[in-house]
Amino acid sequence: MEQLDLLIIGAGPAGISAADCAKQAGLNYLVLERGLIGDTIYHYPVGCPVFSTVDELELREGALHPAREKPTREELLSYYVRFCLDNDLKINTGEEATQIDRDDAHDGFRVRTPRAKYRAAAILVCTGAMAHPRRLNVKGEDLPHVHHLFVEAYPYVRHPVVVVGGGNSAAEAALFLAEEGARTTLAILRSDWENRDPKKGAIKAWVRAPLEKQIERGTLHIVLLNHVEEFGEGFVRLITDDGEQMRLEAVAAFVLIGSDPDLTMLERAGVNILPAETFLIPEYDSQTFETNIPGIYVAGHFTRARHIKEAIAVPRRIVPRIAARRTQVVTQAA
Ligand SMILES: Cc1cc2nc3c(=O)[nH]c(=O)nc-3n(C[C@H](O)[C@H](O)[C@H](O)COP(=O)(O)OP(=O)(O)OC[C@H]3O[C@@H](n4cnc5c(N)ncnc54)[C@H](O)[C@@H]3O)c2cc1C
């Protein structure tokens, strides 16, 4: 079995940036990606413009050229895929890492996938925070017309739909649906609707403004929510903020209330998991991003350094250190 210097798990912006840095540092590296290159971005709504500016998304300055000020899902995805291909980054797509074990005989780790086993001196886990969409855990939530991901509006034109959620993803989905002619209701907690603090996850101003226009036009309805009671065939039953029971007609419902990372593999490898503001995160050093298990590193959206800008920036700081440490070990062994 070949000994890698660095095995990177996940090919989102963090994993791609890490692969780029590992290549530049001359490391023998490999990326394992269970889905597609940029899989999280692939699952953004079709045509969705991102909120970040170009300089926050680029892997090389001046290389991303969207048609408008900010790129769409398609432009961003195409840019990252092209980057991986043009730089010939070593990424195995469709291969999920399932287990990390210590390999004391080789002073490193073994990583299993359903296809193969790999040996690596260091592991960088960049698996993101989208593994488990959050659920309301109410009756009917498993019905086929209740979705935890919004893809596109066109199947719902002229039909009644309900979006449940208070963050940007829910607001954006409601906006897309209303703009494309679905009879849309956004069911949102009063505290979320009244939240204007961008640091506390308020709906972004450039989503809120057109959303309010749709409300004025009567093409989007807001229901201030206490809680959802049930999803049924063609309806959503809920209790409003005023305590009234309400039954909304809905051919489809979208529950968009955030997601959580899957930390099982890290936990089984002995990494400590800590509670943080929004979800559990692995324990790691804030400078090196090395976890409490020496040789296992983390980067990207499931750390405190969230969003694409930081997902790209952190590997640039830590991979050269991993490379320097590797050179030291190899030199000492020689
Ligand atoms: C609709 C939407 C719009 C957004 N817009 C923006 C924006 O404008 N700007 C911004 O900064 N952020 C935005 N975000 C958030 C952004 O997508 C994340 O911050 C970013 O993707 C984090 O990158 P990452 O590499 O850490 O994780 P991800 O991009 O989530 O990548 C993780 C990768 O790991 C893979 N993976 C997971 N488990 C395994 C495993 N066991 N084995 C192998 N592979 C695995 C996944 O398939 C995935 O490809 C948006 C999110 C959503 C949902």
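A crossing of two helices is left-handed if the near helix is turned anticlockwise from the far one by less than a right angle, and right-handed if clockwise. In this predicted model, the crossing of α5 and α7 is left-handed. Helix α5 covers residues 168–179 and helix α7 covers residues 205–217. Their axes lie 10 Å apart, and the packing angle is about 40°. Angles under 35 degrees count as roughly parallel. The pair α5 and α7 is therefore oblique.

Helix α5 enters this contact through Asn168, Ala171, Glu172, Ala174, Leu175, Ala178 and Glu179. Helix α7 answers with Val207, Arg208, Pro210, Leu211 and Gln214. By class, the contact of α5 with α7 holds 7 nonpolar, 2 polar and 3 charged residues.

A second helix pair, α1 and α9, packs at an angle of about 30°. The axes of α1 and α9 are 8 Å apart. These two helices are therefore roughly parallel to each other. The crossing of α1 and α9 is right-handed. On the α1 side, the contact is made by Pro13, Ala14, Ser17, Ala18, Cys21 and Ala22. On the α9 side, the residues are Ile308, Ala311, Ile312, Val314, Pro315, Arg316, Val319 and Pro320. The contact of α1 with α9 divides into 12 nonpolar, 1 polar and 1 charged residues.

Both α1 (13–24) and α9 (307–333) also serve the shell around the ligand, where each supplies at least two residues. Helix α2 (39–42) does so as well. The most comes from α9, with 4 residues. In total, 33 residues surround the ligand. The closest are Gly10, Gly12, Val50, Gly128 and Gly300. The shell around the ligand comprises 15 nonpolar, 12 polar and 6 charged residues.

At the level of domains, the assignment for the chain gives two entries. Domain 1 is made of 3–131 and 259–333. Domain 2 spans 135–255. The C-alpha centres of domain 1 and domain 2 lie 33 Å apart. Their contact takes 5 residues from domain 1 and 8 residues from domain 2. The side of domain 1 that touches domain 2 has 4 nonpolar residues, 1 polar residue and no charged residues.

Terms used:
Residues numbered from 1 in each chain as written. Predicted model: local features only at pLDDT ≥ 70, side-chain atom pairs only at ≥ 80, totals over all residues. Near = placed C-beta within 6 Å. Nonpolar A, V, L, I, M, F, W, Y, C, P; charged D, E, K, R; others polar. Axes fitted to C-alpha atoms, helices over the stretch in contact; angles between N-to-C directions. Parallel < 35°, antiparallel > 145°, perpendicular 65-115°, else oblique. Contact = placed C-beta atoms within 7 Å. Domains from an automatic or database assignment.
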